Amino acid sequence: LLFTNNTIVINAGLPGKLPFDVVRDFAPVALSAVTAVVLAVHPSVKANSVEELIALAKAEPGKLSYSSCGNGTALHLAGELLKQLAKIDMLHVPYRGCAPALADTLGGQVPVMFSTISNVAAHHNAGKLRILALASARRADAYPSIPTIAEAGIAGYDADVWSGILAPARTPKEIVARLNVEANRIVGLPDVQERLRSQFYEPRTGTPEQFGAQIRSDVVKWTKLITDARIRVD
């Protein structure tokens, strides 16, 4: 079994041939959890909402820069998806990891960032960064007052990071079904849910078919964005 996050579907669209096909070579078992990606800004940025940030970017095309944890990461693609759907121009500043990206955004060298909520929440609470919105399809249980980017009129925007379980493609369906039942049962346990939420993950369950549909949809979505934006990895 493989426990993985959605980097696996993003990698399917990046230049360079993978030694496997994420759709053909795996049997989806169960989605387990989702963590939010956030759009955050340094307090010096004169924008208190996604709408205001978009207006700022349109007023000065290419002047605003945003940091991510690296080229081709889920955080990079979240930024590129906003640029594409909102029709704005921001400069991407990739880092070799989330820690240096966070440090430079805290220091104001790069005013905007996309990162996971676990990286940013404490700094948001301390007033050192300002989360404008979640790059999610729906609001997070832990921060119900923070809107989503989609709520700012960016229809269809969703760049969550999900985690789930895969098996080899030829695993018998009855075994996949049994694994799915057990995975969903475990994710539903109160202590497991409490531990996930303490790490800023929202528990998710579903059928193998639903997880498979998510994987196929994400491969198409991110491959198209990577191609359109001409994204390359280091």
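User: Is Arg170 buried or exposed?
Analyst: This is a predicted model, so the value is computed from the predicted atoms. Arg170 sits in the loop between strand S8 (161-168) and helix H6 (173-187). The cut-off for exposed is over 50% relative accessible area, and Arg170 comes out at 82%, so the call is exposed.

User: How far apart in space are Arg170 and Gly188, C-alpha to C-alpha?
Analyst: Along the sequence, Arg170 and Gly188 are 18 residues apart. Going C-alpha to C-alpha through space, the separation of the two is 27 Å.

User: Which cysteines form a disulfide here?
Analyst: The structure holds one disulfide. A pair of cysteine sulfur atoms has to be within 2.5 Å to count. The pair that makes it has its sulfur atoms 2.0 Å apart, and that's Cys69 and Cys98.

User: How many residues apart in sequence are the parts that the Cys69 and Cys98 pair ties together?
Analyst: Cys69 lies in the loop between strand S4 (65-68) and helix H3 (74-86). Cys98, on the other hand, belongs to helix H4 (residues 98-106). So the disulfide ties together parts whose separation in sequence is 29 residues.

User: What is the handedness of the disulfide, going by the torsion about the S-S bond?
Analyst: For Cys69 and Cys98, that torsion is about 110°. The disulfide is therefore right-handed.

User: Which of the two, Cys69 or Cys98, counts as buried?
Analyst: Buried means under 20% relative accessible area. Cys98 has 26%, so this one is partly exposed. At 10% relative accessibility, the buried one is Cys69.

User: What radius of gyration does the protein chain have, and what does the globule rule give?
Analyst: The chain has eight helices and nine strands. With 234 residues, it is as compact as a globular protein of that length, because its radius of gyration is close to the value from the rule. The two numbers are 18 Å for the chain and 17 Å for the rule.

User: What share of contacts between residues at least 6 apart in sequence joins residues at least 24 apart?
Analyst: Some context on the fold: buried residues make up 47% of the 234 in the chain, and the C-alpha atoms fill a box of roughly 55 × 40 × 30 Å along the principal axes. For the contacts you ask about, the share joining residues at least 24 apart is 75%.

User: How far apart are the centres of the positive and negative side chains?
Analyst: The chain carries 24 positive and 21 negative side chains. Take the centre of each set, and the distance between them is 3 Å.

How values were computed
Residues are numbered from 1 along each chain as its sequence is written. This is a predicted model: local features need pLDDT of at least 70, side-chain atom pairs count only at pLDDT 80 or more; totals for chains, interfaces and linings use all residues. Side-chain values use heavy atoms; hydrogens and water are left out. Helices (H or I, at least four residues) and strands (E, at least two) are DSSP runs, numbered from the N terminus. The radius of gyration is taken over C-alpha atoms; the globule rule is 2.2 Å times the number of residues to the power 0.38. Buried means under 20% relative accessible area, exposed over 50%, partly exposed in between (1.4 Å probe, protein chains only). Contact means heavy atoms within 4.5 Å. Lys and Arg count as positive and Asp and Glu as negative; His and the chain ends are not counted. The place of a charge is taken as NZ of Lys, CZ of Arg, CG of Asp or CD of Glu.
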